[in-house]
Amino acid sequence: MGLSAGIVGLPNVGKSTIFNALCSGKAAAENYPFCTIDPNSGIVAVPDPRLERIGAIITTQKVIPAFLELLDIAGLVRGASKGEGLGNQFLGHIRSVDAIVHIVRCFEDDNVVHVDGSVDPVRDAETVNAELLLKDLETLERSMERTAKMAKSGDKEQKSRLATLEKLRDAVGAGKPTRAVPPSEADPAIAQELCLLSSKKVLYVANVDEEGLEKTNAYTAALMEHAKAEGAECIALCGKIESEIAELPPEEQADFLATLGLEEPGLHRLVRATYTLLGYQTFFTAGPKEIRAWTIRRGTSAAKAAGTIHSDFERGFICAEVHTLEDLEQYGSEAALKNAGKIRQEGREYIVKDGDLMLFRFNV
């Protein structure tokens, strides 16, 4: 299943530094605006400690995590919706992703140029959000013109569509993202069809310095409050430190993290938060050939989950044999689980839970 998130923000807030640390990529990270012109794309594993726990009990040849695609999109500036700073090109890249990871600078550094001359996280976040809203307003008004012409004929479907477009337009005009408009008021399928930028879910990331990691600074606190008011999540990490961690051999990373008082890299939290933001969860399959994490939407049935592995599994679905990692750890083997009656059979309509260990029976 292809999952994608676009890393956005103003120029020089640390987008490419964070992207490079995530993907070990080669994106330019120079101290000037627009050093990223085409979006850099990278595939990153979704960190999941449960894979290691399963592997400690079930001997296997390889372990395969879930994956997420990230795009490093060049910095947006005020006026992007009108083409400033290659804005139209960059806004077009945002249309192609499923969610937005919005990097906001929350640190002082005289050696790093700020495009607006000073650090103000809320202002910076609103600058980017305003450009997305302005582009959506333009898209909605064009669609309303076309729909209004067709609605004049008395077409009920077009009249209903026009009413939805008007509600979305009014929300955007009032500075409200379309994702905040309740489905009961406006058909979310229309926002999706029009690829409205403000309909995409957002994760804010406060890029702090090392001191800001140890204690929440005023910049981060302000951004977190701003995100909370939007109903969005906000996490803090230090792009500079994450970049240093990514350069270390795996065996040295734990010691370095310990010196910082961290249990894991901040980037792990970022990837997991993005994965959850997209509405996804994981189930596992485990055997001698591989232990694998599979990505499904929350609320997926057992038959549909089987189809993520192979269409034949869904077509010929008989049942799913399901157990939990906690039971596996308690009993020590799948054989012991069976003897204890801890492996249950579920039908095609069973709703898969995050972390389920599953074996599908099928007949084609």
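I will talk about one strand and its pairing, and then about the salt bridges in this structure.

Before the details, please keep in mind that this is a predicted model, in which local features need pLDDT of at least 70 and side-chain atom pairs count only at pLDDT 80 or more, whereas totals for chains, interfaces and linings use all residues. Residues are numbered from 1 along each chain as its sequence is written, and side-chain values use heavy atoms, with hydrogens and water left out.

Let me begin with strand β1, residues 4–8, where strands (E, at least two residues) and helices (H or I, at least four residues) are DSSP runs numbered from the N terminus. Five of the five residues of β1 are buried, so the strand is largely enclosed by the rest of the structure; buried here means under 20% relative accessible area, exposed means over 50%, and partly exposed lies in between, with a 1.4 Å probe and protein chains only. S4, G6 and V8 point one way from β1, while A5 and I7 point the other way, and all are buried.

Which strands pair with β1? Taking pairing to require at least two DSSP bridges between two strands, β1 runs parallel to β4, residues 67–72, with four bridges joining them, and S4 has E69 as its bridge partner in β4. β1 also pairs in the parallel sense with β5, residues 99–105, over four bridges, and there the bridge partner of V8 is H102.

I turn now to charged side chains. Side chains of opposite charge can pair when their charged atoms come close. Counting a salt bridge when a side-chain nitrogen of Lys or Arg is within 4 Å of a carboxyl oxygen of Asp or Glu, the total comes to 17 salt bridges.

One of them joins E329 and R53, whose closest N and O atoms are 2.8 Å apart. This pair links distant parts of the chain, since E329 lies in helix α14, residues 325–331, and R53 in helix α2, residues 49–55, 276 residues apart. E329 is partly exposed at 36% relative accessible area, and R53 is partly exposed at 32%.

By contrast in placement, R142 and E138 both lie in helix α4, residues 121–151, four residues apart, or about one turn of the helix, and their closest N and O atoms are 2.9 Å apart in a salt bridge. R142 is partly exposed at 40%, as is E138 at 26%.

Finally, R272 and E264 meet in a salt bridge at 2.4 Å, N to O, and D48, R50 and D354 are linked in a network of salt bridges.
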